[in-house]
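Biologist: Please show me the model, and then let me ask about how the chain is built and packed.

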Amino acid sequence: MQDQTHLLIIDDDAMIRLLVVRALQAVGLQSIEAGSGEEGLRMLAQHGASAILLDVVMPNGMDGFDTCAALRQLPDGQHIPVLMMTGLEDLDSINRAFEAGATDFITKPVNIALLGHRVRYMLRASHTTRRLLESEQRLHHMAYFDNLTNLPNRQFFREHLHIMIALAKRQERKLAVLFLDLDGFKRINDTLGHHVGDLVLQETGKRLQKSLRASDLLMRPGKDEISLARLGGDEFTVLLSTIERNEDAATVAERIRLNLMRPFIFEDQELYMATSIGIAIFPDDGTEEEALLKNADLAMYHAKRGGGNRYQYFSTNMTELALRRLSLENNLHRAIERNELALHYQPILNIKTGKFSGVEALLRWNSEELGCISPAEFIPLAEETGIIISIGEWVLRQACIQAVSWLKQGISLTHMAVNVSSIQFLNKGFSTLVASILAETQLNPQLLELELTESTLIFDEGAILIILQSLNALGIKLAIDDFGTGYSSLSRLKNFPINRLKIDQSFVRDIEEGAENAAIVVAIIAMAESMKMNVTAEGVETAAQLNFLKDKRCHEIQGYLLSRPLPATKAEIFLKNQS
Ligand SMILES: Nc1nc2c(ncn2[C@@H]2O[C@H](COP(=O)(O)O[C@H]3[C@@H](O)[C@H](n4cnc5c(=O)[nH]c(N)nc54)O[C@@H]3COP(=O)(O)O)[C@@H](O)[C@H]2O)c(=O)[nH]1
């Protein structure tokens with residue numbers, strides 16, 4: 001139905017219609033006419049109307065009350081002003097007119113001279129009301145919907161969850177909250193820009209809607225049973241309000257996970273996404289919306305820490321782990337200023353020369369409050385919180401200072417290897433920072449080797465190559481750490497200025513056990529040779545492993561068999577003694 005400027009007059013008396021048409025014309029208003037309620041409804045559907053003048057008593061068919069009630073049911077019929085013309089002056093008829101949805105009424109015989117002005121006034125009032133209504137709807141949309149995806153927002157979700165929990169309590173039913181977070185989304189934003197990030201979020205919203213439509217099969221159908229929201233950033237939530245069993249939530253989570261794994265194609269670029277999903281169930285994991293959301297979020301965090309691209313149910317021990325994490329985070333922020341960080345150095349043996357000429361710097365944290373914390377625990381936390389940027393800078397500076405000090409003491413060092421987190425590597429200005437630390441410490445760049453993990457290199461090839469080339473231009477060396485555990489393709493590696501592959505200790509550990517791991521190690525050594533790269537085996541713990549690696553002409557060896565990572569003073573003695 002279109003919103004028209006003309007009025008619709010519905011009256012079975014042709015003479016009255018004529019009089020009304022004239023009266024309206026006199027004040028500049030056009031109108032169309034219908035002789036019955038039924039005809040009026042048809043004309044309204046066809047031509048629309050800005051207002052309706054409706055007779056009440058029409059004996060041959062629908063009367064004015066029924067017509068008014070029927071037009072209020074039409075899609076756009078709710079807001080059209082309806083002026084009822086009635087000869088019935090009793091209170092009951094007036095009440096019935098308003099109950100049927102009339103805006104105003106006048107009694108017959110109609111005062112023709114005043115009618116035009118009355119209608120004009122009604123139109124003005126209705127226009128004002130409509131504009132108020134529209135701006136109220138706009139405000140409501142802004143307050144409850146997300147602009148980018150047009151999905152309900154956090155506020156909407158929380159209020160809806162509150163209502164659905166109350167309902168579930170009354171009906172003694174279960175419900176599930178799924179908390180989703182895209183894996184590696186920040187990297188997409190950082191490397192491909194916010195425009196691509198926005199497209200990913202919009203497409204994610206659409207795929208989630210599709211995944212949930214498909215899961216109607218699982219639910220008893222009904223409009224309130226599944227709802228979806230974008231909480232902000234790359235976080236989405238799903239509410240399944242009628243699950244029968246806890247496992248039903250996993251079925252939906254798995255469907256979502258698979259759907260989001262299909263490639264995203266934007267502007268000729270193929271992107272692969274993954275998502276981590278946390279699940280909290282009412283009433284088992286919380287009986288209030290805050291608790292359910294928090295616990296689903298915690299479960300999501302665990303799914304992410306477990307490697308991502310998976311779903312995870314909430315369990316109570318997660319709360320203790322979250323408290324530990326909070327305490328670690330608070331302490332980690334002040335670890336540098338409190339002087340709690342130190343570097344240990346693990347000597348690396350060059351098989352050809354038989355000398356320990358390289359070392360790998362490994363970070364240690366001895367917290368005054370929490371004791372010694374393993375880097376395997378605090379490095380991921382430092383990465384998530386961004387603290388790794390300042391810690392990484394500290395590590396790099398300390399390692400360079402130490403290398404210069406040892407060189408001055410006559411220790412022949414071929415390389416000082418330093419681990420670089422992907423967050424640090426992708427942080428703007430990383431190569432400038434490296435250059436300034438080299439200048440400040442006066443370390444020969446050829447002696448610095450940065451160790452990057454394969455996962456750092458899987459993102460936008462162009463952007464990664466630019467950073468690698470600028471580091472390479474400084475004269476420093478680049479190594480791939482934990483090689484064999486990631487997904488970097490050989491064709492990619494060929495394009496990167498990489499000097500060394502470090503075989504992950506998991507392959508070395510199992511050399512003796514399985515022919516498969518031995519074959520992988522041999523293949524990596526051969527590959528490194530053909531690509532003119534050095535190769536170091538990590539985690540060597542037994543003489544058999546050492547002999548195998550020597551036999552296969554691995555260039556360098558590192559592991560507990562030769563030396564554990566040592567504090568600087570001990571590493572110094574170790575290196576001096578063998579020189
Ligand atoms: N971004 C940064 N990451 C860092 C830094 N310092 C350490 N790390 C990373 O933390 C992870 C754990 O490190 P750590 O506990 O120090 O373990 C290293 C070695 O101590 C250990 N290792 C060495 N030899 C052996 C062995 O024979 N057996 C055995 N079981 N373990 C051994 O392996 C770890 C070697 O790490 P890497 O060579 O880097 O893979 C680890 O991922 C570190 O990278 C830092 O300053 N920045």
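The turns below go through the predicted model, from the whole chain to single residues.

Biologist: How many helices and strands are there in the protein chain?

Modeller: The protein chain has 579 residues, and 36% of them count as buried. Among its contacts between residues at least 6 apart in sequence, 66% join residues at least 24 apart. The count of elements is 21 helices and 22 strands.

Biologist: Which helix gives the largest share of the largest nonpolar core?

Modeller: In soluble globular proteins, nonpolar side chains tend to be buried together. The largest nonpolar core here has 59 residues, and A361, V395, A399, M416, V418 and I503 have the most contacts inside it. Eight residues, the largest share of this core, come from one helix, residues 388–408, which is α13.

Biologist: Which residues does M416 touch, leaving out those up to four places away in sequence?

Modeller: M416 is one of the residues with the most contacts inside the largest nonpolar core. With residues up to four places away in sequence left out, its contacts are V359, A361, A399, A403, L447, L448 and E449.
Another core lies apart from this one; its 49 residues include L161, V238, L292 and L298.

Biologist: How are α11 and α12 placed, roughly parallel or roughly perpendicular to each other?

Modeller: Two packed helices are described by the angle between their axes and the distance between the axes. For α11 (residues 317–333) and α12 (residues 375–385), the axes are 10 Å apart and the angle is about 75°. Angles of 65 to 115 degrees count as roughly perpendicular. The two helices, α11 and α12, are therefore roughly perpendicular.

Biologist: Which residues of α12 meet α11?

Modeller: By class, the contact of α11 with α12 has five nonpolar, one polar and two charged residues. On the α11 side are R325, L328, E329 and L332; facing them in α12 are F378, L381, A382 and T385.

Biologist: How many charged residues does the contact of α10 with α11 have?

Modeller: The axes of α10 (residues 289–305) and α11 come within 10 Å and cross at roughly 75°, which makes α10 roughly perpendicular to α11. Here L298, A299 and H302 in α10 meet M318, T319 and A322 in α11. By class, this contact has four nonpolar and two polar residues, and the number of charged ones is no residue at all: none.

Biologist: Which residues are closest to the ligand?

Modeller: By class, the shell around the ligand has nine nonpolar, seven polar and six charged residues. The elements giving two or more residues to this shell are β14 (355–367), α12 and β18 (477–483). Of the 22 surrounding residues, the closest are L363, P375, N419, G559 and Y560.

Biologist: Is G77 buried or exposed?

Modeller: G77 lies in the loop between α3 (64–73) and β4 (82–86). A residue is buried if 20 or more other C-beta atoms lie within 10 Å of its own. G77 has 21 such atoms within 10 Å, so G77 is buried.

Biologist: What is the phi of K532?

Modeller: Most residues other than glycine have a negative phi. K532 is in the loop between α19 (515–530) and β20 (534–537), and K532 is exposed, with 8 other C-beta atoms within 10 Å. Its phi is positive, although K532 is a residue other than glycine, and the value is near 55°.

Methods. Residues are numbered from 1 along each chain as its sequence is written. This is a predicted model: local features need pLDDT of at least 70, side-chain atom pairs count only at pLDDT 80 or more; totals for chains, interfaces and linings use all residues. Axes are lines fitted to C-alpha atoms, for helices over the stretch in contact, and angles run from 0 to 180 degrees between N-to-C directions. Helices (H or I, at least four residues) and strands (E, at least two) are DSSP runs, numbered from the N terminus. Angles under 35 degrees count as roughly parallel, over 145 as roughly antiparallel, 65 to 115 as roughly perpendicular and the rest as oblique. Two residues are in contact if their C-beta atoms, placed from the backbone, lie within 7 Å. Ala, Val, Leu, Ile, Met, Phe, Trp, Tyr, Cys and Pro count as nonpolar, Asp, Glu, Lys and Arg as charged, and the others, Gly among them, as polar. A residue is near a molecule or strand if its C-beta atom, placed from the backbone, lies within 6 Å of it. A nonpolar core is a set of buried Ala, Val, Leu, Ile, Met, Phe, Trp, Tyr and Cys residues joined through C-beta atoms within 7 Å. A residue is buried if 20 or more other C-beta atoms lie within 10 Å of its own, exposed if 12 or fewer, and partly exposed in between; C-beta atoms are placed from the backbone.
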